[in-house]
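Hi everyone, thanks for coming along. I'd like to walk you through one structure, so let me put it up on the screen.

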Amino acid sequence: MNRWIRRAAVPALALMCSVVLAQAPAPKGADAGKAAPVAGSTEAQIAARFAERSGMKPDQVFRSQGGLYEVLVRGELYYVDPAVNFVIMGRMFDSRTREDLTQKRLDAALKIDFKSLPFDRAVKTVRGNGSRVLVTFEDPNCPYCKKLWQNMSQLNNVTIYTFLYPILSPDSHEKSKAIWCSKDRAAAWDDYMVQGKAPAAAAADCKNPLEQNVALGREFGINGTPTIIFADGTRGAGAIPMESIEQRLAATSKK
């Protein structure tokens, strides 16, 4: 990450454990999967200037409000002027409707084909009839993942697929491996996240999908935990309040 971004960077979302990943492929999403900007276009020129000045290659560039452009890089959105002399990091709202325009763009650009996810590589937790479904990417060393998981104990009639995503600490991989290799993965995950009760160390030859999960998360531009993916392919980041999760579950169940 270039020094001007590093100096300016501030947490974009509270209650989220973030990590900077190496340059990854463009996230798999509705807009992120499109071809690069047409050569010679304003978007292509902005992409080139941004890459030169930041050291990061944009995945996509979009025309935004107020004469600005949006630059999508590994799941993060930056606002720039056409000359890329100024960069804004933060969220843009419509003052008339209070709509979060940043989230609207990210929801579209980073939308995921939910049904194509490799659910067999996730810890499956079923509550009640399990009729509502969501996915989380979580690291056992993330305190906000623990907060989210404990809060989600309030959810009823839900199936939660947790992709163990060890990206935060040197021992995240071993903790995740121990959970995955437990006889009852769902119980081991819940015991650790709620009570701090660690499972026995995994056997050295225990097969696990952790490296595949990390690669998958990088493809999706997931740079922090927890990240939630809803059944309509949209996502949420951080320890989202239960009221918001319930609202989004209700909305996706109607589609």
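**Helices, a hairpin and a sheet**

Let's start with a quick check on helix α2, residues 42–54: at 1.5 Å a residue, its 13 residues should span 18 Å, and the end C-alpha atoms are indeed 18 Å apart, so the two agree. Please keep in mind that this is a predicted model.

Now, which residues of α2 are buried? They are Glu43, Ala44, Ile46, Ala47, Phe50 and Ser54. Looking down the axis of α2, you find these buried residues within an arc of 160 degrees, so they line one face of the helix. Just past α2 sits glycine 55, with a positive phi of about 80 degrees.

Moving along the chain, we get to a hairpin made by β2 and β3, with five residues between the two strands. Glycine 66, in the turn, has a positive phi of about 60 degrees. Strand β2 covers residues 60–63 and β3 covers 69–73, and their antiparallel pairing runs over four bridges. If you want to find the register on your own screen, look for arginine 63, which stands opposite tyrosine 69 in β3.

Next, the open sheet. Five strands form it, in the order β6-β8-β7-β10-β11, with mixed pairing. At the edges are β6 (123–127) and β11 (235–237), each pairing on one side only. On average, neighbouring strands here are turned by 20 degrees against each other, ignoring direction. Inside the sheet, β7 (residues 132–138) pairs with β10 (residues 227–230) in the antiparallel sense, again over four bridges. One pair to look for there is valine 135 with its bridge partner in β10, isoleucine 229.

And what lies across β6, β7 and β8? That is helix α6, residues 185–195, running at about 85 degrees to β6. In α6, Ala186, Ala188, Trp189, Tyr192 and Met193 are buried. Seen down the helix axis, the buried residues of α6 fall within an arc of 165 degrees, so here too they line one face. What do they pack against? The partners are strands β6, β7 and β8, together with helices α4 (143–151) and α5 (172–180).

Both ends of α6 deserve a look before I stop. The N-terminal end is capped by aspartate 184, with a side-chain oxygen 3.3 Å from the backbone nitrogen of alanine 186. After the helix comes glycine 196, whose phi is positive, near 75 degrees.

That's my tour, and I'm happy to rotate the view for anyone who'd like another look.

Notes: Residues are numbered from 1 along each chain as its sequence is written. This is a predicted model: local features need pLDDT of at least 70, side-chain atom pairs count only at pLDDT 80 or more; totals for chains, interfaces and linings use all residues. Side-chain values use heavy atoms; hydrogens and water are left out. Two strands pair if DSSP finds at least two bridges between them. Axes are lines fitted to C-alpha atoms, for helices over the stretch in contact, and angles run from 0 to 180 degrees between N-to-C directions. Contact means heavy atoms within 4.5 Å. Buried means under 20% relative accessible area, exposed over 50%, partly exposed in between (1.4 Å probe, protein chains only). The arc is that of the directions from the helix axis to the C-beta atoms. A polar contact is a pair of N or O atoms within 3.5 Å; within protein, one must be able to donate a hydrogen and the other to accept it, and residues adjacent in sequence count only if both atoms are side-chain atoms. The expected span of a helix is 1.5 Å times one less than its number of residues.
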